[in-house]
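Q: I'm new to this one, so could you walk me through it once it's on the screen?
A: Gladly; have a look, and then ask whatever comes to mind.

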Amino acid sequence: MREPKVVIIGAGMSGICMAAMLTRAGIEDVTVLEKAGDVGGTWRDNHYPGLECDVPSAFYQFTFDRNPTWTRFFSPGPEIHRYFAGTVDRLGLRNKIRFNTEVVRSEFHNGQWQVDTASGDRYQADFLLSATGVLHHPVLPDIPGLDDFAGPRFHTARWDDSVDLKDKRVAVIGTGSTGAQLTVALGGKIKQLDLYQRTPQWVIPLPNWGTDPLTKVLRRFLPLTSAMEYHLVKRGMAFLAEGLTRPGWRRKMWSVTARGNLRTVRDPELRAKLTPDYQPGCKRLVISGKFYRAVQRPGVTVITEGIDHIEPRGIVTKDGVLHETDVLVLATGFDARAYLRPIQLIGPGGLTLDQAWKDGARAYRTVALPGFPNFFMLMGPHSPVGNYSLTAIAEAQAKFALNWIQDWRRGAFSTATPSDHATLLFNKKVQGALPRTVWASGCNSWYLGTNGLPELWPWSPFAHERMLADNHRDEFVLDA
Ligand code: N01
């Protein structure tokens, strides 16, 4: 068998998954290039107060490295980060990772990928795997005067732990999952929290069970292994998530639950402020049993007047009022449509990724790209990131790439590239199915691509797994 050289870009959850699966298959020449000094990607970058995962931990973990001791149903960020770092150590992957090594460019040349780093090093690879994450590039709002603010100011993914918030007036701009979690963590516990809301969110009040007495009793008497829990939650999540991809009673159920939850806000004026004018699920649902309670606490104000500008003392809204603040927190989300950019990717013949994606990001079956041989992406365009666990998606995509690499080892080909035709057909089907998803029902969200349609998987996540279980060899152009 031939031994491939594999380079993975990124040591976040997907990169760890890919490296683990290659190593478990006996492929040793694997190098993971990571621009930061630690593993964990989004779970390394984000450590703001109140951070939790909105996918149950039982299903937000690798099937090949289960953790039977999650402390909560939705575990806190630091615990998830420890778990992924633990996977790296348990599976002996750390010596494959080159930290503080930022990939800036990669070109396919003489049958191999040449991978160039910011420090001027070059790596060669038979296969290049992109695992650069979905929520990686923070978006800073384009608000006049942002840089004039006199106090501490940071994006939630760049949280400054040295700033003590206890006796401070804190302004949080943004009310997505992050802004909501921060509100729960800080509301009522600091001097003043001003939450700047441009668009209200629908909130699903799922409780976050911990090691409370009931759970302890249930665990004692229900002999559930973590494998059983994984599959139970997986089935449950896929079942309920169908409401997001097609109309029907499950979509209604999300709607009834979110609207019922909103009614728990007692003050009609505040309730009106928090009422969205789009369908529940169109933007990512905020999962929180505590958000509405938090915004009703003393010392929490929801400000819906638009922001005019920022000045050294605080935020001036369009009505001319200056809201003085000590700390400015930007919970303004991420550029989820960047994928592996700004890395320059250049295929044989000089085709660049920017040229290939000039009309929007498109992939072959979410994992590969015509014009770019022996290249696979994890969390590529139209992956089911809106309604499924990203660990399960990463495993399915990594397995697909691994199957191709195994064929290469057996000498079945030297380069494999998905055909234009197959990619076109796949994307046509995707575009045809997207309009019936709730994500396309009329709202602005990080799911939307440049054509205004969501860059998400419009069917059941199980269909995505089934699709990737097959190599679809006839849809690839192979060179011997
Ligand atoms: O980001 P977002 P996020 N002026 O894009 C507002 C995952 N996640 O970090 O809606 C004023 O959802 C923007 O307003 P609008 C999860 O998948 C998971 O909260 O565009 N406001 C919006 O309110 C999530 O979906 C977990 O009108 C501005 C907010 O900023 C994804 O990350 C925890 C503005 C951005 O919301 C992203 O969530 C945290 C401006 N100029 C995150 N620009 C869990 O697992 C933007 N906004 C629970």
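Q: What kinds of residues make up the shell around the ligand?
A: The shell divides into eight nonpolar, nine polar and five charged residues, where Ala, Val, Leu, Ile, Met, Phe, Trp, Tyr, Cys and Pro count as nonpolar, Asp, Glu, Lys and Arg as charged, and the others, Gly among them, as polar. Please keep in mind that this is a predicted model, in which local features need pLDDT of at least 70 and side-chain atom pairs count only at pLDDT 80 or more, while totals for chains, interfaces and linings use all residues. Residues are numbered from 1 along each chain as its sequence is written, and side-chain values use heavy atoms, with hydrogens and water left out.

Q: Which residues come nearest to the ligand?
A: Of the 22 residues around the ligand, those are Asp54, Thr178, Gln181, Thr199 and Lys283, where being near takes a heavy atom within 4 Å.

Q: And which helix gives the most to that shell?
A: Helix α4 (residues 177-186) does, with three residues; helices here are DSSP runs of H or I with at least four residues, strands are E runs of at least two, and both are numbered from the N terminus.

Q: What lies close to the oxygen atoms of the ligand, say from Thr199?
A: A polar side-chain atom of Thr199 lies 2.4 Å from a ligand oxygen, and one of Arg198 lies 2.9 Å from a ligand oxygen, both as polar contacts, that is, pairs of N or O atoms within 3.5 Å. The protein buries 87% of the 900 Å² that the ligand exposes when taken alone, with areas from the Shrake-Rupley method and a 1.4 Å probe.

Q: Changing topic, how is the chain divided?
A: There is domain 1 (6-137 + 336-479) and domain 2 (146-210 + 215-330), with bounds from an automatic or database domain assignment. Each of the two gives at least three residues to the shell around the ligand.

Q: How much area is buried between domain 1 and domain 2?
A: About 3900 Å², of which carbon and sulfur atoms give 58%; this is the accessible area (1.4 Å probe) that two parts lose on being put together, summed over both. Tyr48, Asp54 and Val438 supply 16% of what domain 1 buries against domain 2, more than any other three residues.

Q: Where does Pro342 sit, by the way?
A: Pro342 is in the loop between β17 (327-330) and β18 (344-346), and the peptide bond leading to Pro342 from Arg341 is cis, with omega near 15 degrees. Most peptide bonds are trans.

How values were computed:
Polar contact = N/O pair within 3.5 Å; in protein donor to acceptor, adjacent residues only side chain to side chain.
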